Amino acid sequence: MNVRYATRTVTVRAPAKVNLQLRVGPLRAGYHELVSVFHAVSLFDEVTVSPAEDLRIELTGDPSLALESVPLGMGNLAAKAATELAAVLGIEPRIHLHIDKYIPVAGGMAGGSADAAAVLLACNRLWGDPLDSAELLRLAAKLGSDVPFSLVGGTALGEGRGEVITPVETQGRFHWAFGCSPEGLSTPAVYDQFDRHVEAGRHELAWPAPAADDLLAALAEGDAEALGAALVNDLEQPAVSLRPELERILTTGREYGALGAILSGSGPTCAFLARNAGHAVAIAEGLMASGVSSSAACAHGPVPGARVVTKRPQAAHF
Ligand code: C5P
């Protein structure tokens, strides 16, 4: 009896992120300059790639997420990631992508970027690891501003349009609750609103961004209280002006004792820093009981970026 490995399957798990600091600068060539501190948290999407006749996407996941709004064609960043990597390698992307989704869709937590990072890593492994990590990072930056951080994970300073990543020292584990909204927010729409606020004098552009010394010290010391006080997001007011109900979610989290309450990225997910894991659950339950969030989640950070979790060849008998 001959046993050959006819099919190979690679599964990669990639984390969501929150921006502990998001300072937005001037618009240059379609993108805003940023100084951001990214923090990967333990809410994961899992992407499994396997050989197929042509590129196909299958989506499963948390039924409370708006899974039906995720595009299943080339509008999906994960499909673009597979196509771009295949083009670099001069091959056809003949693969089946199965995305198992737990990161809020269009929620400001880089869910689409996590899927793209997972696909880059999984396809690279499936196709024999032709690119090294520096080459994967360069390809990730072409796909989107948050994709490089999704590969790296942990806690990191992001500059440029977010894609220039430098790891940041942290101590211990931080606990988070997240309040989600039923309808996503478009990232470009929130940046456009930011520009309108600047033009109207509602927001003063502070650029170069002020140093984040308090935030970095709080991370290095593992001081959750100081970290809560140092959280800042320049996109929060523009997002709240587009979705006034976000203010109620932020206020409710504070009422439940959050050490810090902040819009995650371009929203609409709101992130609440808790004292410990039990407190995070209490905040999440409070958000649900108050009826301000359509769903809530708890997680901790920092966690690593995209990682292969299984590489299980399926034996076929001939
Ligand atoms: O890079 P990504 O595809 O994630 O960005 C989506 C959109 O968000 C951009 O087309 C741009 O409108 C806005 N954006 C921005 N400045 C950034 C990152 C994103 O204006 N640094």
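The following exercises, each with a worked solution, concern a predicted model.

**Exercise 1. Aromatic pairs**

Determine how many aromatic pairs the structure holds, and classify the arrangement of the rings of Phe38 and Phe149 and of the rings of Trp176 and Phe178.

*Solution.*

Step 1. The count of aromatic pairs in the structure is two.

Step 2. For Phe38 and Phe149, the ring centres are 4.9 Å apart and the planes stand at 15°. Planes under 30 degrees apart count as stacked, so the pair of Phe38 and Phe149 is stacked.

Step 3. This pair links distant parts of the chain. Phe38 belongs to strand E3 (residues 31-51) and Phe149 to helix H4 (residues 147-152), with their positions 111 residues apart in sequence. Phe38 and Phe149 are both buried.

Step 4. For Trp176 and Phe178, the centres lie 6.5 Å apart and the planes are again at 15°, so this pair is stacked. Trp176 and Phe178 are each buried.

**Exercise 2. Arginine over aromatic rings**

Identify which rings lie beneath Arg13 and Arg161.

*Solution.*

Step 1. Arg13 is placed over the face of Phe44, 4.0 Å from the ring centre.

Step 2. Arg161 has its charged end over the ring of Tyr31, at 4.6 Å from the centre of that ring.

**Exercise 3. The ligand site**

List the residues that surround the ligand, then describe the polar atoms of Tyr31, His32 and Arg161 that lie by it.

*Solution.*

Step 1. The surrounding residues are Gly30, Tyr31, His32, Leu34, Gly144, Ser145, Arg161, Thr187, Pro188 and Tyr191.

Step 2. Two of the side chains to consider are those of Tyr31 and His32. Tyr31 places a polar side-chain atom 3.3 Å from an oxygen atom of the ligand. His32 has a side-chain N or O atom 2.7 Å from an oxygen atom of the ligand.

Step 3. Arg161 contributes through its backbone: an N or O atom there lies 3.1 Å from a nitrogen atom of the ligand.

Step 4. The ligand taken alone exposes 460 Å², and the protein buries 76% of that area.

**Exercise 4. Helix H3**

State which residues of helix H3 are buried, what they pack against, and which residue caps the N-terminal end of the helix.

*Solution.*

Step 1. Within H3 (residues 133-143), the buried residues are Leu136, Leu139, Ala140, Ala141 and Leu143.

Step 2. These buried residues pack against three helices: H1 (77-89), H2 (111-126) and H4.

Step 3. The N-terminal cap is Asp132, which has a side-chain oxygen 3.2 Å from the backbone nitrogen of Ala134.

**Exercise 5. Two single positions**

Decide whether Thr48 and Ala117 are buried or exposed, and name their contacts beyond four places in sequence.

*Solution.*

Step 1. Thr48 lies in strand E3. The limit for a buried residue is under 20% relative accessible area; Thr48 has 18% relative accessibility and therefore counts as buried.

Step 2. The side chain of Thr48 forms a polar contact of 2.9 Å with the side chain of Thr11. With residues up to four places away set aside, Thr48 touches Thr9, Val10, Thr11, His96, Leu97 and His98.

Step 3. Ala117 is part of helix H2. Its relative accessible area is 0%, so Ala117 is buried.

Step 4. Apart from neighbours within four places in sequence, Ala117 contacts Val147, Ser150, Leu151 and Ala306. Ala117 and Arg13 are separated by 104 residues in sequence, while their C-alpha atoms are 9.4 Å apart in space.

Definitions and conventions: Residues numbered from 1 in each chain as written. Predicted model: local features only at pLDDT ≥ 70, side-chain atom pairs only at ≥ 80, totals over all residues. Heavy atoms only, no water. Phe/Tyr/Trp six-rings, centres within 6.5 Å; stacked < 30°, edge-to-face > 60°. Helix = DSSP H or I, 4+ residues; strand = E, 2+ residues; numbered from the N terminus. Buried < 20%, exposed > 50% of the residue type's maximum accessible area, 1.4 Å probe, protein only. Lys NZ or Arg CZ within 6 Å of the ring centre and 35° of its normal. Near = heavy atom within 4 Å. Polar contact = N/O pair within 3.5 Å; in protein donor to acceptor, adjacent residues only side chain to side chain. Areas by Shrake-Rupley, 256 points an atom, 1.4 Å probe, with all protein chains shown as cover. Contact = heavy atoms within 4.5 Å.
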